[in-house]
Amino acid sequence: MRNWRTCIAVLFFWSTGPFYSVPAFANGPIVAAAASIRPALEELSARYNQVTGQSVRLVFGSSGTLANQIVNGAPYALFLSANTAYVQWLVDLGFTQGVPVTYASGVLALYSRPGLLGQTENPLLALGNALEGGTIKRLVIANPEYAPYGSAARAALEHAGTWVQAKQVLLVAANAGQAVQYALEGDVDVAFVPMPLARLAELQKTGHLQALPSEAFPNVELDQQMVLLPDADQKTQEFFAYLQSIDSREIFSRHGLGAPALISPNLQH
Amino acid sequence: MDWNAFNLSLQLAAWTLALLLPIGVVTGRWLARTQTLARPWLQAFFALPLVLPPTVVGYYLLIFTGTRSPLGELIMSWFGVSLVFSFPGLVVASILVNLPFAILPVQRAFEVVSSELYDAAACCAMTPWQTFTRVEMPLAWPGVLSAAVLTLGHTLGEFGVVLMVGGNIPGETRTLSIAIFDRVQAFDPLAAGQMAGFLLLISLVTVALGYGVLEKRDQRKRRSA
């Protein structure tokens, strides 16, 4: 009988653990970031921990979902978006602290299965020819309604005059990460993907991967902004400053992100 | 293997079961015995989480209980907790989406208890509580056990509502199913596969144990008959 009571007592204390766990910030501030910069940010936070001994907790998702969570009370301290629009939306609603900073510029890449488009200086032209020739059965982009890389992909296809043909074979992924997933595992001929995720998934080993210049998708910018949120403390501000340093610039660049167009005044190291 | 996430999944399942099972038994029993004309509508209402996508349920919970909502502000001012991006919020969301699993099997089990038995219990001057514990529950407990097993298994695998309401915060709301999704998104199929296999094994063992208990009971009944 006593054993049962002990068991129940132990079970009770174990199960109440999450109710009296330490507050959100005791384990380091929570940084919410676009899924497309996961590889870069994971390396950056590990390096930051090495250099300063401080740690941050990372939460990844699509920029739109994270922005929605922020306005509904998510305990995030810093938000790194894959674009500027969601950051501006949060600024307009009053959910931010301080001024947004452009930390990098996204790079849209075109993935194609081996031998489909060949080595070419104008991959979008080659894509248009392949669409005309009917050799493309499936083309993947992230959802252009809300994913920055998706709208850049649509702009690139429209600018090349191939959007109408592309729609016949279009497969729309929920987000940029899923677009990479389809390219990696699905029966896909062409995919428009973010370069950092494409490199993480090693798409260059399974097909041809080529970065597209920003002129290929006019009127769509892939400038990626970050902003401090109201819950940001001193530790968050230090990490925020670190993300603008030359160290961070080099790591972002190594993971396939371009340098921001404007140089931040908060350079360190 | 994210043991933290596994621990969180178990704790969520334990709390959901502990809070939802009494609700399921009370509601299921009432639905089995009530003669109200609204009964089909009530059954449909409790079955709603089965037909609604969990992400939709999670989204509306975020809207109606988030910190910007009147209900969210009230709960924060009364109890000092938020029902979003927190473990208590996950428990509330989990209870809502598991209502059909907790109520419907129990309702069917109590429907089997014939009205003659209630009359006999009344003739023996049994109180309502004695009737419940000595007549109804011994007959209906297989349904209650089914409800418990289904609720437990479903909670362990919950994803859509947990992701929307919980936010995938490591150590706080990242359950095992969310951790698996996180590893898939990180193109780490090995880690995702390991955790998925583990979750599958746990769920299989839990459900098998539950039905094993039922089988043993049936065997004992047949032997004594």
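## Why the labels fit: a two-chain predicted model

Q: What makes strand S10 (residues 223-228) of chain A count as largely enclosed by the rest of the structure?
A: The burial count does: 6 of its 6 residues are buried, so S10(A) is largely enclosed by the rest of the structure. Buried here means that 20 or more other C-beta atoms, placed from the backbone, lie within 10 Å of the residue's own (exposed is 12 or fewer, partly exposed in between). Strands are DSSP E runs of at least two residues, and helices are H or I runs of at least four, numbered from the N terminus.

Q: What kind of model is this, and how are its parts numbered?
A: This is a predicted model, where local features need pLDDT of at least 70 and side-chain atom pairs count only at pLDDT 80 or more, while totals for chains, interfaces and linings use all residues. Residues are numbered from 1 along each chain as its sequence is written, with chains lettered from A and ligands numbered from 1 in the order in which they are written.

Q: How do you know that both faces of S10(A) are covered?
A: Look at each side in turn. Asp223(A), Gln225(A) and Val227(A) on one side are all buried, and so are Gln224(A), Met226(A) and Leu228(A) on the other. That every-other-residue pattern is what you'd expect, because side chains in a regular strand alternate between the two faces of the sheet.

Q: Which strands pair with S10(A), and what makes that a pairing?
A: Two strands pair if DSSP finds at least two bridges between them. Strand S3 (residues 78-80) of chain A has 3 bridges to S10(A), running antiparallel, with Phe79(A) partnered by Val227(A). Strand S4 (residues 97-105) of chain A is joined to S10(A) by 5 bridges, also antiparallel, and there Gln97(A) is bridged to Leu228(A).

Q: Why do strand S7 (170-173) and strand S9 (208-211) of chain A count as edges?
A: The open sheet has 5 strands in the order S7-S6-S8-S5-S9 (chain A), with mixed pairing. S7(A) and S9(A) each have a single partner strand, so one side of each is left without a neighbour in the sheet. The twist averages 25° from one strand to the next; axes are lines fitted to C-alpha atoms (for helices over the stretch in contact), and angles run from 0 to 180 degrees between N-to-C directions.

Q: In what sense do strand S6 (residues 139-142) and strand S8 (residues 190-194) of chain A pair?
A: They pair in the parallel sense over 2 bridges, and Leu139(A) stands opposite Val190(A). Helix H6 (residues 148-159) of chain A packs on this sheet, touching strand S5 (108-112), S6 and S8 of chain A, with its direction at about 130° to that of S6(A).

Q: What makes helix H8 (residues 176-185) of chain A mostly covered?
A: Of its 10 residues, 8 are buried. Among them are Ala176(A), Ala179(A), Val180(A) and Leu184(A).

Q: Why is the largest nonpolar core said to lie between domain 1 (28-106 + 222-254) and domain 2 (108-216) of chain A?
A: Both domains give residues to this core, so it lies between them. A nonpolar core is a set of buried Ala, Val, Leu, Ile, Met, Phe, Trp, Tyr and Cys residues joined through C-beta atoms within 7 Å, and domain bounds come from an automatic or database domain assignment. Of its 132 residues, Leu78(A), Phe79(A), Ala179(A) and Val193(A) touch the most other members. Leaving aside neighbours within four places in sequence, Leu78(A) is in contact with residues including Pro29(A), Met226(A), Leu228(A) and Phe240(A).

Q: How do you know that domain 1 and domain 2 of chain A touch?
A: Contact means C-beta atoms, placed from the backbone, within 7 Å. By that test 12 residues of domain 1 of chain A are in contact with 13 residues of domain 2 of chain A. The C-alpha centres of the two domains lie 27 Å apart.

Q: How many helices and strands does chain B have?
A: Chain B has 11 helices and 0 strands. Of its 225 residues, 36% count as buried.

Q: What does each chain bring to the contact between chain B and chain A?
A: Chain B puts in 23 residues and chain A puts in 23 residues. On the side of chain B that touches chain A, helix H1(B) gives the most, with 4 residues. By class, that side has 12 nonpolar, 9 polar and 2 charged residues (Ala, Val, Leu, Ile, Met, Phe, Trp, Tyr, Cys and Pro count as nonpolar, Asp, Glu, Lys and Arg as charged, and the others, Gly among them, as polar).

Key. Contact = placed C-beta atoms within 7 Å.
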